Amino acid sequence: MKAKRLFSFIFVTLLAILSIACQKKDVILHDGIYFGIGEGRNGPITVSITINDGAVTAAEIISEDETPEVSTVAKNRIMHIFRTSGSTKNIDVISGATLTSQGLIEALNEALSASAGKKTAKQIYEDTECDIVIIGAGGAGLIAATEAASKGAKVIVLEKMGIVGGNSNFSTGGINATYTKEQERLGIKDDKETFFDDTMKGGYYMNDPDLVHTLVDNSAAMVEWLQSPIIGADLSDVGIFGGATNKRIHRPKGGAAIGAHLVPLLHKAALAQGAEIRLNNKVIDILKEDDRASGVRIITAGGEYTITAKAVIVATGGFASNAAMVAMYQPALANFGTTNHRGATGDAFAMVEKFDAALSNMTQIQTHSTVVPNSNIMITEAVRGTAQFW
């Protein structure tokens, strides 16, 4: 009898648990056709999904401008999983097409939210203040944010694009450094003088020697900081690139692209240290008070607002995606294509004029000899670096 009562108790308990579980229904999707937009590598990705009887029955990519050679596999795989499961929960980004994957998943999630009756509200920002405001959430901006926030500063990072990383997302190379622990581990002989000479020669001796010394003298510390628990980067592969005398380019194991590896780590680290990162926030002016930068003016989908700050860090990158600006500084490059991301339009150069900021070597615009024609894909310098020893 005791065994029978115990069995009955367990059975009733299981029924109760199952009943509670059944009551926890997933979000209800309303029938109809819904659209979503995400930010891909080359621009917006628009999708449509069809809901019948509360379930996804169709999904299509309506428009996108992603590079076919890179994105096709990622798009097909993600859409197949979504059509099969009706969800993005088990979809991971596809290696080699990270930004396309993220943009497509973002678009699908927005369409799902719309089908569930959730309106995508425009974020409204109010005027505020902080210790340091950083313009640009690329590699430089994220590193600056991490360091400043780790020292206790209240930091706000403003990024005009819908994703972090900027051109750093597309870096396929690595980081030059000498006297590193990785070089020592691999038995690589190198020295600062050779590193300095290689760099000066690579710049046709137009480089600022003081800046090159700053690069060389702090290179090992930079690599160690990226490898520290704060970031956790893998820079264990040390190879050679074009123009280098010795092996000193540090990159992830197997020579993997460093940008796709570093950007997520830097993003996570900046947030972990307490920095606030605001996407789709375009800075339109740097404020000036008593001959110093005192904040910024920003425009968003929800309107304009102001951030006052004790310091402003400009980390907006270059201007290669601004064809008119490229032609102005270097007419020989008029009508050239670029492998830069869409946001590299040189917005900040006009903003710093009021501060009499000094510009140097503006006509020295780098071009690469190894690219995939008509696709904006750059083939890593490792190809040329390795080829010189064949």
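**Figure 1. Surroundings of Asn281 in the predicted model.** In this predicted model, Asn281 sits in the loop that links β9 (276-278) to β10 (282-289), and, residues up to four places away in sequence being left out, Asn281 touches Tyr125, Leu158, Glu159, Lys160, Ile298, Ile299, Thr300 and Tyr305. The relative accessibility of Asn281 is 1%, and Asn281 therefore counts as buried, the limit for that class being under 20%. The side chain of Asn281 takes part in a polar contact of 2.5 Å with the side chain of Tyr305, a residue that also appears among the neighbours listed above. A polar atom of the Asn281 side chain also lies 2.7 Å from the backbone oxygen of Leu279.

**Figure 2. The largest nonpolar core and the neighbours of Ile134.** The largest nonpolar core comprises 28 residues, and Ile134, Val155 and Leu226 are those with the most contacts inside it. Two or more residues of this core come from each of β4 (128-135), α4 (139-150), β5 (155-158), α8 (219-227) and α9 (258-272), with α9 giving the most, namely six residues. When neighbours within four places in sequence are set aside, Ile134 is in contact with Gly141, Ala144, Ala145, Val155, Ile156, Val157, Leu158, Ile313 and Ala315. Apart from this core lies another, of 22 residues, which includes Leu29, Val47, Val56 and Leu104. As background, nonpolar side chains tend to be buried together in soluble globular proteins.

**Figure 3. Packing of α4 against α9.** The axes of α4 and α9 are 8 Å apart and the two helices pack at an angle of about 30°, a value that makes α4 roughly parallel to α9, since angles under 35 degrees are placed in that class. The crossing in which α4 passes α9 is left-handed. On the α4 side the contact is made by Gly139, Leu142, Ile143, Ala145 and Thr146, and on the α9 side by Val263, Leu266, His267, Ala269 and Ala270. Both helices are among the elements that give two or more residues to the largest nonpolar core.

**Figure 4. Helix α6, its cap and its packing against α7.** Helix α6 (residues 192-202) packs with helix α7 (residues 209-217) at an angle of about 135°, their axes being 10 Å apart; the two helices are therefore oblique to each other, and their crossing is right-handed. From α6, Lys192, Phe195, Phe196, Thr199 and Met200 meet Pro209, Val212, His213, Leu215, Val216 and Asp217 of α7. Buried positions in α6 are Thr194, Phe195, Phe196, Asp198, Thr199 and Met200, and the buried residues of this helix pack against β6 (175-176) and α8 as well as α7. At the N-terminal end of α6, Asp191 acts as a cap, with a side-chain oxygen 3.1 Å from the backbone nitrogen of Glu193. Just after the helix, Tyr204 adopts a positive phi of about 55°.

**Figure 5. Packing of α2 against α3.** Helix α2 (residues 68-85) and helix α3 (residues 98-115) cross at roughly 30°, and their axes come within 9 Å. The pair is therefore classed as roughly parallel, and the crossing is right-handed. The residues that meet are Ser71, Ala74, Lys75, Ile78, Met79 and Phe82 in α2 and Thr100, Ser101, Leu104, Ile105, Leu108 and Leu112 in α3. Of these, Leu104 is also one of the members of the 22-residue core.

**Figure 6. Ala348 in helix α11.** Ala348 belongs to helix α11 (residues 347-351) and, with a relative accessibility of 5%, counts as buried. Residues up to four places away in sequence not being counted, Ala348 touches Val314 and Thr316. Ala348 and Gly317 are 31 residues apart along the chain, and their C-alpha atoms are separated by 8.7 Å.

**Figure 7. Overall setting of the close-up views.** The protein has 12 helices and 14 strands, and 39% of its 390 residues count as buried. Among the contacts between residues at least 6 apart in sequence, 60% join residues that are at least 24 apart.

Conventions:
Residues are numbered from 1 along each chain as its sequence is written. This is a predicted model: local features need pLDDT of at least 70, side-chain atom pairs count only at pLDDT 80 or more; totals for chains, interfaces and linings use all residues. Side-chain values use heavy atoms; hydrogens and water are left out. A nonpolar core is a set of buried Ala, Val, Leu, Ile, Met, Phe, Trp, Tyr and Cys residues joined through side-chain atoms within 4.5 Å. Buried means under 20% relative accessible area, exposed over 50%, partly exposed in between (1.4 Å probe, protein chains only). Helices (H or I, at least four residues) and strands (E, at least two) are DSSP runs, numbered from the N terminus. Contact means heavy atoms within 4.5 Å. A polar contact is a pair of N or O atoms within 3.5 Å; within protein, one must be able to donate a hydrogen and the other to accept it, and residues adjacent in sequence count only if both atoms are side-chain atoms. Axes are lines fitted to C-alpha atoms, for helices over the stretch in contact, and angles run from 0 to 180 degrees between N-to-C directions. Angles under 35 degrees count as roughly parallel, over 145 as roughly antiparallel, 65 to 115 as roughly perpendicular and the rest as oblique. A crossing is left-handed if the near helix is turned anticlockwise from the far one by less than a right angle, and right-handed if clockwise.
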